[in-house]
Structures are given as structure tokens and as C-alpha cells.
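Subject: Structure handover

Hello,

Here is the structure I said I would pass on. Please look through it first; my notes on what was found follow below.

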Amino acid sequence: SFWLLDMPLHFVFGAQRGGIVELRPQVLCKVYLRTWFPVDFLIIAIDVAVILMEALVDSSYGGALRSMRFLRSLRALRL
């Protein structure tokens, strides 16, 4: 997702602090961890949870559909 690509970019692009553009990676890391990291992490966690839930729901419905097809084919063989 976009947010997975956005997180590492915070360590590459500068941040303005006190009217000065900061480019040192160590300082950028500290600024990011104190500001936007919790929000980004929460968004990514929700995104991953939704993707996993959709995968689980799709797989369980897929199994149910396969079972229905199998039962239908058994019924057809009986005729």
C-alpha cells in the first residue's frame, strides 16, 4: 500500500524545524518517531488486518462453494 512506501521516505526527505531544513537521518528518525510514525503504523496495521480478514473470508467462502459444487455433482451422478 501507499503507506508502506511512505514510511521509509520520511528518513530521506528533510523536515523543517525552527525555520531550518533538517537533513540528518538520525534527527529525521527522531522527529518522525515522535510525530507521524504512530499514525502511519496504525494505518498500516488496520490495512494489514483488513487484507487478512478479506483473505480469510474469501478462502472460507471458496471452500463452501467447492463443497456445494461437489454435492451438486454427487446428486447429478445419482440421477
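**Glu22 and its salt bridge**

Glu22 is buried, with a relative accessible area of 12%, since the cut-off for buried is under 20%. Please keep in mind that this is a predicted model.

Glu22 lies in strand E2, which covers residues 20-22. Leaving aside residues up to four places away in sequence, Glu22 touches Gly14, Ala15, Val27 and Leu28. The side chain of Glu22 also meets that of Arg24 in a salt bridge, with 2.7 Å from N to O. Side chains of opposite charge can pair when their charged atoms come close. The count for the structure comes to 1 salt bridge. Arg24, the partner in this bridge, is partly exposed, at a relative accessible area of 49%, whereas Glu22 is buried.

**Overall layout**

The secondary structure comes to 3 helices and 2 strands. Along the sequence, these follow the pattern α-β-β-α-α. The protein has 79 residues, and buried residues make up 11% of them. Its accessible surface comes to about 6,800 Å², and 71% of that belongs to carbon and sulfur atoms.

**Helix H2**

Which residues of H2 are buried? They are Val27, Leu28, Val31 and Tyr32. These residues cover an arc of only 130° around the axis, so they sit on the same side of H2. Gln26 and Arg34 are on the other side of H2, and they are exposed.

Two of the buried residues of H2, Val27 and Leu28, were named above as contacts of Glu22. Leu28 can also be placed relative to Phe13: the two are 15 residues apart in sequence, and their C-alpha atoms are 8.3 Å apart in space.

**Aromatic pairs**

How many aromatic pairs does the structure hold? The number is 3. In one of these pairs, the rings of Phe11 and Tyr32 have their centres 5.5 Å apart and their planes at 85°, so the pair counts as edge-to-face. This pair links distant parts of the chain, with Phe11 in the loop between H1 and E1 and Tyr32 in helix H2 (residues 25-34), 21 residues apart.

The two partners are covered to differing degrees: Phe11 is partly exposed, with a relative accessible area of 34%, while Tyr32 is buried, with a relative accessible area of 3%. Ring pairs link Phe11 and Tyr32 with Phe37 and Phe41 into a cluster.

**The loop between H1 and E1**

Phe11 has a part in a second feature as well. Together with Leu9, Val12 and Phe13, Phe11 forms a nonpolar patch on the surface, and the four have about 380 Å² of accessible area together.

Where is Val12 found? Val12 is in the loop between helix H1 (2-9) and strand E1 (15-17). Phe13 is found in the loop between H1 and E1 too. Val12 is exposed, with a relative accessible area of 57%, and Phe13 is exposed, with a relative accessible area of 53%. Both values can be read against the cut-off for exposed, which is over 50%. Phe11, in the patch with them, is partly exposed at 34%.

**Trp3**

The last item is Trp3, which has its place in helix H1. Is Trp3's neighbourhood made of residues from elsewhere in the chain, and which residues does Trp3 touch? Not counting residues up to four places away in sequence, Trp3 touches Asp40, Ile43 and Ile44. Trp3 and Ile43 are 40 residues apart along the chain, and their C-alpha atoms are separated by 7.6 Å. Trp3 is partly exposed, with a relative accessible area of 30%.

Regards

Definitions and conventions:
Residues are numbered from 1 along each chain as its sequence is written. This is a predicted model: local features need pLDDT of at least 70, side-chain atom pairs count only at pLDDT 80 or more; totals for chains, interfaces and linings use all residues. Side-chain values use heavy atoms; hydrogens and water are left out. Patches are made of residues with over 30% relative accessible area and no salt bridge: like charges are joined within 9 Å, nonpolar side chains (Val, Leu, Ile, Met, Phe, Trp, Tyr) within 5 Å. Accessible areas come from the Shrake-Rupley method with a 1.4 Å probe; for residues, only the protein chains shown count as cover. Helices (H or I, at least four residues) and strands (E, at least two) are DSSP runs, numbered from the N terminus. Buried means under 20% relative accessible area, exposed over 50%, partly exposed in between (1.4 Å probe, protein chains only). Rings of Phe, Tyr and Trp (its six-membered ring) pair if their centres lie within 6.5 Å; planes under 30 degrees apart count as stacked, over 60 as edge-to-face and the rest as tilted. Contact means heavy atoms within 4.5 Å. The arc is that of the directions from the helix axis to the C-beta atoms.
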